[in-house]
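Learning to read a structure goes well with a few simple questions. Shall we work through some together?

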Amino acid sequence: ADLLFSDAFDANDNPIGIGLGQWRFNIGAGSSAQGGNSGIDDPWRRAESFMTDNGYDWTAQEGQRWFVAAAKERGVNQFTAFSNSPPITMTKNGKAHSSGGVFANIEESKYSEYVDFLTTVLENYKNLYGVEFNYVSPFNEPQWDWTGGQEGTPWQNTEIARITRLLDTGLKEKNLNTKIEIAEAGQLNYLYETSNRSGRANQLQDFFNPSSQ
């Protein structure tokens, strides 16, 4: 943590760390609970989730929570919570990765449930651990198909737009100041052109041009 976050110097005026100014927290989808049945071979790429079959477990993700606290203690004041996949209890295939790519691994009927999960995590993290995340990034690199290897789901821009509107309302209802990061791009050209990802790219035009639906 010192190597990552400290901006102090030792007795010989050598920097102790690289002074990172922001830290990202992964809101896991719960693939670690599935073990080998998760479809994610590398256990280091599985993640715990605050959501379990029996409700919320706020003691989960201990290592990730430790690093948020360590960053805060060392002066970091910008925090982003990001999600690679909705919780496995909400996905179409019961996994934290996509089966077919292209469309989000969650039914539209569960969008509100996913939004409630995200805002509940943000609210409880603030109340329990004293950190209000500056940003939430619910759509990690949505252009990739994420059919295995780690937690992840593709998202169509239309799906992102619907979730974003619901999430905006949910954040306001819980009186959270967290801002939504919308344009998450797997590579830079997906921000400004369709390229080979129809419906999942050209994000600047789709999300920020007032003429866009």
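Below, a learner and a teacher talk through strands, buried residues and aromatic rings.

Q: Before we begin, what kind of model is this?
A: This is a predicted model. Keep that in mind as we go.

Q: Let's start with strands. Which strands does β4 pair with, and in which sense?
A: To read a strand, look for its partners on either hand. Strand β1 (residues 22–26) and β4 pair in the parallel sense over five bridges. Within that pairing, Q22 stands opposite Q78 of β4. β4 also runs parallel to strand β5 (residues 135–137), with three bridges joining the two. There, T80 has Y135 in β5 as its bridge partner.

Q: Which handedness does the unit of β4, α3 and β5 have?
A: Here we follow the path from strand to helix to strand. β4, α3 and β5 make up a right-handed β-α-β unit.

Q: Why is β4 described as largely enclosed by the rest of the structure?
A: We look at how many of its residues are buried. In β4 four of the five are, so the strand is largely enclosed by the rest of the structure.

Q: Now a single residue: where does N105 lie, and is it buried or exposed?
A: First find its place along the chain, then check its accessibility. N105 belongs to the loop between β4 (78–82) and α3 (111–129). Buried means under 20% relative accessible area, and N105 counts as buried because its relative accessibility is 5%.

Q: What surrounds N105, and which polar contact does its side chain make with another side chain?
A: Leaving aside neighbours within four places in sequence, N105 is in contact with several residues, among them M90, K95, T153 and P154. The side chains of N105 and N93 make a polar contact at 2.9 Å. In addition, a polar atom of the N105 side chain lies 3.1 Å from the backbone oxygen of H97.

Q: Can we try the same reading on Q203: which helix holds it, and is it buried or exposed?
A: Q203 is part of helix α5 (residues 203–208). With 0% relative accessibility, Q203 counts as buried. Not counting residues up to four places away in sequence, Q203 touches residues including P142, N157, Y190 and F208.

Q: Finally, how many aromatic pairs are there, and which residues form one aromatic cluster?
A: Pairs of rings can link up into a group. Searching the whole structure gives 15 aromatic pairs. One cluster is formed by F25, F50, Y56, W58, F117, Y125, Y129 and F133. Rings can meet charges too: R24 lies over the face of F82, 3.9 Å from the ring centre.

Note on methods
Residues numbered from 1 in each chain as written. Predicted model: local features only at pLDDT ≥ 70, side-chain atom pairs only at ≥ 80, totals over all residues. Heavy atoms only, no water. Phe/Tyr/Trp six-rings, centres within 6.5 Å; stacked < 30°, edge-to-face > 60°. Lys NZ or Arg CZ within 6 Å of the ring centre and 35° of its normal. Buried < 20%, exposed > 50% of the residue type's maximum accessible area, 1.4 Å probe, protein only. Contact = heavy atoms within 4.5 Å. Polar contact = N/O pair within 3.5 Å; in protein donor to acceptor, adjacent residues only side chain to side chain. Pairing = 2+ DSSP bridges. Right-handed = clockwise from strand over helix to strand, strands pointing away.
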